[in-house]
Amino acid sequence: MANVCLYVFILHAVGDAVAEILFGRKKKSEIYAKKRRMRAYEQQKKRRAQAVRLRVATPRRSPSAAKFFLLFYGAFGGIMGNGILVKKLRSVVMYITSLFEKNKTVFSFEVFPPKKSSPIESVYGKLEEICALKPDFISVTYGAGGTGGHSRTCEIASKIKNDLGVESVAHLTCVNSAREDIDATLEDFRAHNIQNILALRGDYIQGVEPKRDFRYASELCAYITQKGGFDVAGACYPETHLEAKDEVEDILNLRKKVDAGASHLISQLFFDNKVFYRFLERTRIAGIHVPIEAGIMPVTNKSQIERMVSLCGAGLPAKFSKVMQRYEHKPEALRDAGIAYAVEQIVDLIANGVDGIHLYTMNNPLVARRITEAVSSLL
Ligand SMILES: Cc1cc2nc3c(=O)[nH]c(=O)nc-3n(C[C@H](O)[C@H](O)[C@H](O)COP(=O)(O)OP(=O)(O)OC[C@H]3O[C@@H](n4cnc5c(N)ncnc54)[C@H](O)[C@@H]3O)c2cc1C
């Protein structure tokens, strides 16, 4: 009995000691937490009081003065046409990819700079007419030569964006350029407020040793994406690129370009919509889900068809060939037939829900205008 009493006594004493340690500590930590809360509250009160003092001490610009300032600034900017505000507004980042998020078919044009032998101003009149049609953007081709070829592309892209108010995309090829040339070109684009680039490999030039810094467009896409500050697009080929072993290999390579950062694709020209729909299906199977614009070239003369077919291997459907043969000796009729054919292609593409139409204008304002008028209400 005495033993039982001893055990009970010991257990009680141990329990008391444990309770003292636990609850005593808890109490202490509660006291510290409360102190911390009080300190934080005091600091907050001080900050609030300081903010009130600052607000009282800073005279607020009256709303009428602010309005007057904005009116004056706006009017001055408008009169000068090139005011700081206007420039600031124009320099707002505009990535082409965002156009595809709006619920409409993107409608864009392609133009090319004049040959080096002609003054750059020789295309300004045509550009003004083309820009007046207000496409979603205009892309500007890049001379195949690489080094030094960028300046005219940059000038024209800058003119379109900064003076004529249409978003522009500068093409940039890499196979004949060293990394330093690409860096210099990117800097030039940046300095001219150009934010969208179509990254291309470009073609090899006979007798010219290609530079080895970039072998494929995907490497250029990755390089520009990693540098940042540009939206990068890529090219694609509904009838397979001429150098590719087969269609599957070409589409798998296209997937590499998209994985490397191409945010949308522009297709090579084609004359048979069925070929394009089949290509779209295959790209989706390959896991390519970026927007793809359909490249449409209105054929307006016979030599143009021959050149295009030999350059890019586009197939000519029987319907197209018949029309072209019938009017080959009547230039005006051939032009009208070419426009009608392109319009028919575009209407069908829009009806089938394509992401966008990229019109190869060949710097021809009349053709661009007639096609725009025919399809603008459908976009
Ligand atoms: C919309 C559009 C605009 C164009 N604009 C211009 C222009 O302004 N200036 C100009 O000079 N040319 C221009 N071109 C032509 C283009 O430069 C040529 O078609 C060129 O031959 C390929 O360029 P790419 O960027 O498609 O090359 P890539 O995508 O590099 O493909 C070229 C070939 O390499 C293969 N390939 C790609 N990646 C790999 C890889 N990782 N491994 C193995 N094989 C690979 C592809 O299957 C393809 O056969 C344009 C073409 C299009 C469709």
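**Exercise 1. Determine whether the end-to-end distance of helix H9 agrees with its number of residues.**

Solution. The model is predicted. Helix H9 covers residues 273-285, which is 13 residues. At 1.5 Å a residue, a helix of this length should span 18 Å. The C-alpha atoms at the two ends of H9 lie 19 Å apart, which agrees with the expectation.

**Exercise 2. Identify which residues of H9 are buried and which are exposed, and explain how they are arranged around the axis.**

Solution. Begin with the buried residues: Phe 276, Phe 279, Leu 280 and Thr 283. They cover an arc of only 105 degrees around the axis, and therefore lie on the same side of H9. The general rule behind such a pattern is that an α-helix has 3.6 residues a turn, so residues three or four places apart point the same way. Next, turn to the other side of H9, where Lys 274, Glu 281 and Ile 285 are exposed. Then ask what covers the buried residues: the covering elements include helix H8 (247-259), strand E6 (264-269) and strand E7 (292-296). Finally, look past the end of the helix, where H9 is followed by Gly 287, with a positive phi near 85 degrees.

**Exercise 3. Describe the residues around the ligand by distance, by element and by chemical class.**

Solution. The shell holds 23 residues, of which Thr 141, His 171, Arg 201, Ala 217 and Ala 235 come nearest to the ligand. The elements that supply two or more residues to this shell are strand E3 (168-173), helix H7 (217-227), H8 and E6. H8 gives the largest share, four residues. By class, the shell comprises eight nonpolar, nine polar and six charged residues.

**Exercise 4. Locate the largest nonpolar core and follow the contacts of Ile 296.**

Solution. Start with the chain as a whole: it has 13 helices and eight strands, and 33% of its 379 residues count as buried. The largest nonpolar core contains 74 residues, and those with the most contacts inside it are Ile 138, Ala 170, Ile 197, Ala 199, Cys 221, Ile 224 and Ile 296. H7 contributes the largest share of this core, six residues. Now take Ile 296: leaving aside residues up to four places away in sequence, it touches Leu 269, Ala 342, Gln 345, Ile 346, Ile 357, His 358, Leu 359 and Tyr 360. For the chain overall, 79% of the contacts with a separation of 6 or more join residues 24 or more positions apart.

**Exercise 5. Classify Glu 209 as buried or exposed, and relate its position to that of Asn 176.**

Solution. Glu 209 sits in the loop between strand E4 (196-200) and H7. It has 8 C-beta neighbours inside 10 Å; because a residue with 12 or fewer is exposed, Glu 209 belongs to that class. Although 33 residues separate Glu 209 from Asn 176 in sequence, their C-alpha atoms are 7.8 Å apart.

**Exercise 6. For Asn 193 and Met 362, state the phi value, the location and the exposure.**

Solution. Asn 193 has a positive phi, near 65 degrees, although it is not a glycine. Its loop joins helix H6 (179-191) and E4. With 17 other C-beta atoms within 10 Å, Asn 193 is partly exposed. Met 362, likewise a residue other than glycine, has a positive phi near 50 degrees. Met 362 lies in the loop between strand E8 (356-360) and helix H13 (365-375). It has 16 other C-beta atoms within 10 Å and is therefore partly exposed.

Conventions
Residues numbered from 1 in each chain as written. Predicted model: local features only at pLDDT ≥ 70, side-chain atom pairs only at ≥ 80, totals over all residues. Expected span 1.5 Å × (residues − 1). Buried ≥ 20, exposed ≤ 12 C-beta atoms within 10 Å, placed from the backbone. Arc of directions from axis to C-beta. Contact = placed C-beta atoms within 7 Å. Near = placed C-beta within 6 Å. Nonpolar A, V, L, I, M, F, W, Y, C, P; charged D, E, K, R; others polar. Core = buried A, V, L, I, M, F, W, Y, C linked by C-beta atoms within 7 Å.
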